[in-house]
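Got the viewer open? Let's take a walk through the empty spaces of this model, one selection after another.

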Amino acid sequence: MNIEHIDVFHVRLELRQLWKTAYGEESCVDTVLLKARDGDHVAWVESCPLRLPMYMPETAVSVFHTITDLFGPLIIGRDYDSIERLTDRLKPFRGNSFSKAGLELCWWALTAVKRDVPLRRLFGGGDSGIRCSDGFGIEQDVSVLIDRIHASVDGGYQRVKLKIRPGWDQTVVRAVRQEFPDLRLMVDCNGSFALDDLPMFQALDRLGLDMIEQPLYYRDLSDHSRLQAELTTPLCLDESVTSFADARRAVRMNACGMINLKIGRVGGLSECLRIRDECETHGVGCWVGSMLESGIGTAINVELATLFGADAVHEVPVCGTFHTRNLVDPPITFDPPGVVTPADGAYTGRAVNEDLVRKLAIAHRIISTADK
């Protein structure tokens with residue numbers, strides 16, 4: 001494998017409606033798309049850190065410049081007979097998980113294209129459809145939220161995730177549970193609460209939730225361990241796990257019962273696979289989350305999600321559900337309702353609308369061996 005050329009695009013995707021969470025509001029998603037080439041072989045990947053440093057410290061602007069100015073020139077034009085040889089080049093650098101993930105994914109993508117196999121074949125994923133959850137941000141009124149959940153359930157979704165924050169928490173969740181007594185339900189706090197909120201978490205603990213995601217500060221593990229000991233509902237870590245080392249520490253501290261896997265947040269697909277193995281060894285659950293990526297990144301998430309058992313329910317927004325524009329063909333759809341089936345063909349089995357990518361691009365740079 002010799003990555004000879006990478007087109008790097010900073011793209012802004014408008015959302016169909018305002019997305020409200022504990023850390024702010026978003027009307028669009030900023031993402032970084034990479035078109036990598038090895039000879040005649042081409043593959044697209046995505047790393048989606050968002051527009052502002054509210055989820056994690058990285059942003060689309062920082063990832064774009066880190067890849068084009070720092071990491072990309074180190075990776076380009078070298079032979080990599082294994083993914084480890086590529087990731088070793090980036091090991092001296094701390095953090096910057098989304099930047100590393102973008103380049104790491106180029107290796108996986110081009111390898112799948114060159115071998116003419118689906119990406120999931122490279123790590124043992126299957127061909128069965130994956131069950132999906134639907135996500136709901138913070139609304140102005142509980143009745144609006146309940147109406148939207150009714151539409152989601154009628155459309156075939158298997159699980160619902162509610163964003164909560166102080167002031168939009170147990171009362172809202174209790175109202176949803178009363179309306180949907182049998183629905184698989186979880187909440188995502190995005191690190192907005194503290195241990196002092198234990199009574200609120202104990203109230204949630206009585207509502208039969210699948211999990212409580214990222215309840216406490218994003219760099220904390222010890223307080224999560226203390227909170228988990230007080231609850232029967234599994235805690236799910238998201239922002240607190242930025243690497244395999246974080247996941248191993250969390251598992252051994254009993255800081256969670258679940259981990260949400262996001263390729264960009266942990267630094268690449270390889271780290272996701274290592275975290276999955278660690279969790280499986282210790283009886284901790286895993287599922288694939290979403291950064292509201294375009295169809296490019298969503299298709300990669302679908303491939304990763306095929307590695308998990310039939311009971312897993314993943315967070316895979318269908319093209320068009322959140323975004324106003326679709327970048328891939330065929331689009332990602334539910335068939336049957338609530339289930340996404342991985343496409344046939346090499347890599348993700350989907351073509352990219354490059355003309356639309358270029359139209360939506362805020363910035364575009366090229367990294368090439370021709371410049372060396």
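Start with α2, residues 83-90: with five residues, α2 gives the most to the lining of the largest pocket. Keep in mind as you go that the model is predicted.

**Stop one: the largest pocket**

Now fill in the rest of the surroundings. The largest pocket holds about 780 Å³ of space, and 29 residues line it. To find the middle, select Lys100, Ser243, Val266, Gly267 and Glu271, the lining residues closest to the centre. Then show α3, α9 and α10 (269-282) alongside α2, since each of these four supplies at least two residues of the lining. Colour the lining by class and you should get nine nonpolar, nine polar and 11 charged residues.

**Stop two: the second largest pocket**

Leave α10 displayed and add β10 (285-288); each of them supplies at least two residues to the lining of the second largest pocket. This pocket has a volume of about 270 Å³. Which residues are closest to its centre? Pick Val284, Gly285, Cys286, Phe308 and Ala312, from a lining of 17 residues. By class, that lining has nine nonpolar, two polar and six charged residues.

**Stop three: the largest cavity**

Time to go from pockets to cavities. How many of 30 Å³ or more turn up in a search of the whole structure? Three do. The largest cavity has a volume of about 270 Å³. Select Trp19, Ser290, Met291, Leu292 and Glu315 to land at its centre: of the 22 lining residues, these are the closest to that point. Next, bring up β2 (24-38), β4 (130-136) and β5 (159-163), the elements that give two or more residues to the lining of the largest cavity. Coloured by class, the lining shows 12 nonpolar, three polar and seven charged residues.

**Stop four: the second largest cavity**

For the last stop, select Glu46, Ile263, Gly264, Glu293 and Asn301, which lie nearest the centre of the second largest cavity among its 15 lining residues. About 110 Å³ of space lies here. Display β3 (41-47), α3 (97-115), α9 (263-266) and α11 (295-305), each of which gives two or more residues to the lining. Which element has the largest share? That would be α11, with three residues. The class count for this cavity's lining is six nonpolar, six polar and three charged residues.

Before you close the session, put α3 and α9 back on screen: they help line the largest pocket, and they also help line the second largest cavity.

Conventions. Residues numbered from 1 in each chain as written. Predicted model: local features only at pLDDT ≥ 70, side-chain atom pairs only at ≥ 80, totals over all residues. Heavy atoms only, no water. 1 Å grid on protein atoms, 1.4 Å probe; cavity = no way out; pocket = protein on both sides within 12 Å on 5 of 7 lines; lining within 4 Å. Points joined across faces, edges and corners; volume = space filled by probe spheres on them. Nonpolar A, V, L, I, M, F, W, Y, C, P; charged D, E, K, R; others polar.
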